[in-house]
Amino acid sequence: MAFLDLIIGPDGWGNLLMQGAAVTVAIAVTTVPFGFGGGLLLAILKGSPNRLLRAGCDAFTTFFRGIPDLLSLFIVYFGLQAALDKVSKLFGESVHIEVSAFVAGVIALSVVAAAYSSEVWVSAISSVPKGQIEAALSLGLTKSQTFRNIVLPQLFRIALPGLGNIWTILLKDTSLISTLAVMDLMRAAFEAARFTRQPLIFLPLAAGIYLIISIVSTIVQSQLERRSNRAYA
Amino acid sequence: MLENLSSFIGLPLLEDNWPRLWSGLLITFEIVITSCSIGFVLAYPLCLARMSKNWVLSKAVLGYVTLFRGTPLLCQLYLVYYGAGQIRPFLTDIGLWTFFREAYFCCLLAFTLNTAAYQSEIFRGALSAVPKGQVEAARALGLSSFAITRHVIFPQALLVAIRPLGNEVIGIIKASALSAIVTLPDLMGATRTVYSHTFDFQIYLYCALIYLALTETIRRVLLVVEARYSRHLHVTASAAVAAPKQRWGRARQVTPQTP
Amino acid sequence: MNSTKFAALLGLAALMAAGTAQAKDWKTVRVGMDATYAPFESVNPKGEIVGWEVEYGNLLCAKMKVTCTYQNQDWDGIIPSLLANKFDVILSSMNITAARAQKVLFSDMYVATPPAFSTTASNKSNDISPAALKGKTIGTQSSTIHSNYLEKFYKDSVIKTYPTQDEPNQDLASGRIDYVMGDVIVTQDFIDKHGNGCCRVVAAIKRVPEIHGPGVGAAFRPDDKDLAAMFNKAIAEVDADGSYVTLEKKYFGSLDIRGK
């Protein structure tokens, strides 16, 4: 069949699509520790006594949460490389920092994910009962000990639903990277549609793959939530 | 007045290109307002269908919502725009080609379908936030189901829905930047054009600031509105509506963001 | 180190870096291209970038004795990517224009093909004057000489700009737009391979120097004068030993892509 040939034939695009799907998942998964970690860092800094630092973090969040993700990615993707380059020039030619499109995409997405997730972390931090913190402090723990030993272990459980929400945003945002340079699922599907003139084969195929990825992640997410809530059931 | 805004600011790049950005901004407004309004109208019946006891109806809407929330809006937009281009003879036959011919309507369709899916879930979350006991009490008092919906469920559900709905509008404003990809000269599209003339990357930063001004304004107005209409709750510190600090916990069910 | 100090250091680094430029020993050259421009550059089902400009690039790189790698980059972001050091040179049928020359450094011209209007097969009119195209919809790729030309001379037409040149061609085929302006070779390639008789080239236009410039050149960061010089030397060598003509024949037959 002609249309199956387009996908799995010798000159078919199925392979590229699967590679693209792998790139999509890889970008999203690689972004998680940096994006969510960055968000947690932002959330902690937002509680810092330094007013300038607090304002800076708020401005960062407000900016990247308030503008189109497409624009955020664009600004970070190009702006960051220019900044890196200036810094690396300082150390001379030997330390030129090479950032691949993949890494640049991950960094750009991490910035967006950090801005989004910092809100989740902030509300998670504030929903740890004040009494626990007071109790820890009165037992003689330092502020940072209190945070590490009392607040942090509870954060993940509280933040999980919100983070799951951001994960799905993140997964879909990877498609925006395709408009920059990366051969992800969206880009592969669009190349295939462009080349074969069959958008109605390849775009629904891509949508189906995205759907599978997002359904799988919903299942994983609810498993995680169930596990982390075991002690509270 | 806004047409001359940039001369007050005195930035040459912005000043030279403001008319183009302004007309882009108007298109962004149009797209956002139209798709959000139609989406809003569609969302309630969708939500009722989703919550109905009819298995087929409920699952059909579930499928629709899952599809539009689980795939990138960019993919949906490409699908509507280039998919329609591929089946032009068919669309011409059934008289729909004049609609799909225009990038503007393709964007509207994609955004509307997308936001209707999200908004219907927002409604569902909001409706289920109204305690069952109240409905039972109202029924016991002999109120008709219309009256219960109108006087008991709606006022409370809408209050719960204000913030997520506002977030959805913000989400669509941000998502509307994608329409530039299918030739619509919205704010993002206008910015790209300006960039292609000037090769000055700063224009993207100005563009970002305009979007930021829009979304921040809405967010802040929303906080005021919400505070105003939930005054009575703060007095009694009722637990029926979650306090702002818990919003993300609830957000998972009712405030998905786009795209 | 606290964050204020770190920020200060970053700022200092940026300041110090602003003035420095260094000679580089080029061993590998990263080429950026918008691979949506068959037959010059496009992506095949294996995901590889192929086309005339890739083979031409290989010829140049062989002369320069450097290894060349090719990356795909969307057109709208191609100059920022070059300036942001994501690659070292643009070989992407980029025409040498005054506006671009303010941001990038161009090599000598190596291709000059005329822009052309195409239209649907059912449209029998051969008049492409601005008056004839008044109120018609013309599609083209954004940030190109073509979009600049249309905006300047076809003010009364509806101009639609797309991220790639391929999309207006698709939209012409599906009847969304009335005309497409694009490079004549790229347009003809689309019509031959994918058109199914949808469309035809109406006429090529004469290049207007202040808009179209002299032709296509390789683009570099302004600092990389040494690399530009290497390319210019290689361009001359590839011309001189006849390999340019051989490649031209392979792709375009008897067609002259140099505008001689």
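A residue is taken as buried when its relative accessible area is under 20%, and in this predicted model buried residues account for 51% of the 259 residues of chain B. The secondary structure of chain B consists of 13 helices and zero strands, so that, under the assignment of helices and strands as DSSP runs, the order along the sequence reads α-α-α-α-α-α-α-α-α-α-α-α-α. Among the contacts of chain B with a separation of 6 or more, 75% join residues that lie 24 or more positions apart. The area that chain B exposes is about 11800 Å², and carbon and sulfur atoms supply 67% of this surface.

The association of the two chains was examined next. At the interface, 43 residues of chain A are in contact with 41 residues of chain B, and about 3800 Å² of area is buried between the two chains, with carbon and sulfur atoms giving 72% of that value. A single salt bridge is found by the rule across the interface of chain B and chain A; the pair consists of R65(A) and E216(B), whose closest N and O atoms are 3.9 Å apart, a separation that qualifies because the criterion admits a side-chain nitrogen of Lys or Arg within 4 Å of a carboxyl oxygen of Asp or Glu. Polar contacts between chain B and chain A number seven residue pairs, counted with both residues at pLDDT 80 or more.

On the side of chain B that touches chain A, at least two residues each are supplied by α3 (55-70), α4 (73-86), α10 (187-198), α11 (202-229) and α13 (247-254). Of the elements of chain B, α11(B) gives the most to this side, with ten residues. Sorted by class, the side of chain B that touches chain A holds 25 nonpolar residues, together with eight polar and eight charged ones.

Within chain A, attention was given to S127(A), which is placed in the loop between α5 (101-126) and α6 (130-138) of that chain. The relative accessible area of S127(A) is 27%, and the residue is therefore classed as partly exposed, since this class lies between the 20% limit for buried residues and the 50% limit for exposed ones. The side chain of S127(A) reaches the backbone oxygen of A124(A) at 3.0 Å. With respect to I215(A), S127(A) is 88 residues apart in sequence, and the C-alpha to C-alpha distance between the two residues in space is 29 Å.

How values were computed
Residues are numbered from 1 along each chain as its sequence is written. Chains are lettered from A and ligands numbered from 1 in the order in which they are written. This is a predicted model: local features need pLDDT of at least 70, side-chain atom pairs count only at pLDDT 80 or more; totals for chains, interfaces and linings use all residues. Side-chain values use heavy atoms; hydrogens and water are left out. Contact means heavy atoms within 4.5 Å. Buried area is the accessible area (1.4 Å probe) that two parts lose on being put together, summed over both. A polar contact is a pair of N or O atoms within 3.5 Å; within protein, one must be able to donate a hydrogen and the other to accept it, and residues adjacent in sequence count only if both atoms are side-chain atoms. Helices (H or I, at least four residues) and strands (E, at least two) are DSSP runs, numbered from the N terminus. Ala, Val, Leu, Ile, Met, Phe, Trp, Tyr, Cys and Pro count as nonpolar, Asp, Glu, Lys and Arg as charged, and the others, Gly among them, as polar. Buried means under 20% relative accessible area, exposed over 50%, partly exposed in between (1.4 Å probe, protein chains only). Accessible areas come from the Shrake-Rupley method with a 1.4 Å probe; for residues, only the protein chains shown count as cover.
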